[in-house]
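Grab your viewer and work through a few short exercises with me. Try each task on your own before you read its solution.

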Amino acid sequence: MENLDLNEQELNRRASLKAMRDLGIEPYPAEQFPVNADTEDIKANYNDEIHNFDNVSIAGRIMSRRIMGAASFIELQDDKGRIQVYIKRDEICPGEDKTLYNTVFKKLLDIGDIIGIQGYAFITQTGQLSVHAKSLKVLSKSLRVLPIVKEKDGEVYDSFSDPELRYRMRYVDLIVNPEVKDTFIKRSIIVSTMRQFFNENGCLEVETPILQSIPGGATARPFITHHNTLDIPLYLRIANELYLKRLIVGGFKGVYEFAKDFRNEGMDRTHNPEFTCMEIYVAYKDYIWMMEFVEQLLEKVAIATNGRTKFDVWGNEIEFKAPYRRLPMLDAIKEYAGVDISNMTEEELRATCEKMNVPISPSMGYGKLVDALFGEYCEKKLIQPTYIIDYPVEMSPLTKRHRTNPRLTERFELFVNGKELANAYSELNDPIDQLERFQDQVKLKDKGDDEAMYIDMDFVRALEYGMPPTSGLGMGIDRLTMFMTNSQTIQDVLFFPQMKPEK
């Protein structure tokens with residue numbers, strides 16, 4: 001009954017598995033295999049005059065093979081690339097028993113199986129660098145058929161290119177489309193470059209709770225779970241901001257965290273419900289200082305990943321070298337939407353949005369209306385890195401009021417290619433003002449805005465002990481990786497993006 005859903009090739013592979021064991025060969029051996037080289041190392045450093053790789057031990061998958069009687073060639077793939085391996089029957093079976101070659105290698109091994117090879121590097125008569133096998137060991141039998149790409153008469157067959165399959169079975173994607181690894185290697189470089197930059201600037205990497213009693217630090221719809229022992233609801237964090245600022249209250253000069261955040265919202269080419277956000281807070285700084293800090297950071301990241309600061313992103317040549325344009329939000333709306341909203345009441349703004357066909361709802365307050373108008377008319381125009389600065393107070397409940405205009409806040413968002421990349425404030429450290437802003441958010445929640453913030457009284461209490469002037473920044477690592485690797489969707493920069501359940 002267990003084989004009813006298997007196709008003929010999968011049944012054959014299971015039969016080969018049994019046949020190996022019947023011959024006394026364990027297809028999944030317990031002992032380690034002594035790898036001492038990889039394909040990249042051999043290709044980069046082999047010298048045919050001195051034969052410097054005369055004792056090579058490599059392991060990987062069989063990706064293709066040509067069997068020619070008593071000698072064969074296979075293409076072996078490890079984590080660094082591929083190399084040809086030459087296998088001669090009488091060398092891997094020096095005695096009378098030729099079972100390992102005639103039966104196991106020729107009949108029972110398949111493309112996708114993982115083997116270990118010991119031998120030496122050499123150049124074939126056709127000039128191809130190869131490994132001459134002195135011994136072969138089966139390390140893992142593959143029971144499913146790899147979708148190996150084939151080409152014939154200019155046509156490509158069996159390419160593993162369907163996005164849903166690639167994202168759902170990333171393990172297969174990485175095997176048959178090895179160039180995919182480059183994106184994730186660059187993602188690692190991005191994170192390590194950022195860490196180094198922050199550490200050099202005296203900041204400390206920390207960890208804060210993922211399960212929170214109050215989902216604070218952003219306006220978003222949370223995931224809700226339940227703690228059985230305490231018998232209370234808990235929320236997967238939507239941001240880590242309020243905990244990091246508690247640490248600034250506690251006396252740290254600068255703290256940062258690469259955090260997994262969760263928002264129970266829509267999914268599209270730039271949004272996943274689980275995402276990585278870096279947040280950093282530095283005492284005695286403001287949002288003007290942070291703009292210069294971010295410019296330095298992104299220059300370093302661009303050079304580390306691409307070797308230059310200007311490169312193609314979604315068909316646009318984006319220049320990450322400083323300085324970036326700084327444009328007040330209300331000026332941006334005036335420039336791109338052609339309307340001056342600086343002195344409008346909430347009702348006047350609502351009427352303006354309706355007149356300009358901006359999608360809105362009755363639950364939206366002044367801040368959400370401004371955001372909707374800006375999103376409809378401005379965001380897509382911001383191609384080169386641009387700081388949108390000085391947001392209305394209603395849009396920024398955690399931000400310090402502007403030093404010259406109390407209706408605005410000292411906040412910026414960085415836009416690149418029409419998408420938000422970073423969000424930063426001069427952090428609000430007045431506990432009385434903060435409590436009033438939280439209370440305003442409660443009013444919005446009462447009106448039906450399910451993304452409005454909760455009141456976090458412990459955070460207010462922390463501010464009452466005194467938080468120094470502080471600048472904070474949040475930056476989406478997934479979106480930054482999309483830009484730095486010219487990836488079209490967020491699913492391309494996540495190993496395992498959220499998917500609908502498999503049918």
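Below are four exercises, each with a worked solution.

This is a predicted model, where local features need pLDDT of at least 70, side-chain atom pairs count only at pLDDT 80 or more, and totals for chains, interfaces and linings use all residues. Residues are numbered from 1 along each chain as its sequence is written, and side-chain values use heavy atoms, with hydrogens and water left out.

**Exercise 1. The barrel**

Work out in which order the five strands close into a barrel.

Solution. Start with the naming: strands (E, at least two residues) and helices (H or I, at least four) are DSSP runs, numbered from the N terminus. Two strands pair if DSSP finds at least two bridges between them. Following the pairs round gives β1-β2-β3-β5-β4, with mixed pairing. Neighbouring strands here are turned by 50 degrees against each other on average, direction ignored (axes are lines fitted to C-alpha atoms, and angles run from 0 to 180 degrees between N-to-C directions). Now zoom in on β1 (residues 56-68) and β4 (residues 114-123): they pair in the antiparallel sense over six bridges. In that pairing, A59 sits opposite G116 of β4.

**Exercise 2. Backbone oddities**

Find out whether W314 is buried or exposed, and do the same for N357.

Solution. Take W314 first. It's in the loop between β14 (310-313) and β15, and its phi is near 55 degrees, positive in a residue other than glycine. With 18% relative accessibility, W314 counts as buried (buried means under 20% relative accessible area, exposed over 50%, partly exposed in between, with a 1.4 Å probe and protein chains only). Next comes N357, in the loop between α11 (346-355) and α12 (366-377). N357 isn't a glycine either, yet has a positive phi of about 60 degrees; at 63% relative accessible area, N357 is exposed. Finally, look at the loop between β15 (316-319) and β16 (325-328), where P323 is found: a cis peptide bond joins A322 and P323, with omega about 0 degrees.

**Exercise 3. A covered helix**

Count how many residues of helix α15 (residues 477-485) are buried.

Solution. Go along the helix: nine of its nine residues are buried, including R479 and D478. Step past the end of α15 and you reach N486, with a positive phi near 55 degrees.

**Exercise 4. Lining classes**

Sort the lining of the largest cavity by class.

Solution. List the lining residues: Q212, I214, G216, A239, N240, E241, L242, Y243 and D456. Then assign classes: Ala, Val, Leu, Ile, Met, Phe, Trp, Tyr, Cys and Pro count as nonpolar, Asp, Glu, Lys and Arg as charged, and the others, Gly among them, as polar. You get four nonpolar, three polar and two charged residues.

Notes
On a 1 Å grid over the protein atoms alone, a cavity is a set of points where a 1.4 Å probe fits but cannot get out, and a pocket is an open set with protein on both sides within 12 Å along at least five of seven lines; lining residues have an atom within 4 Å of a point.
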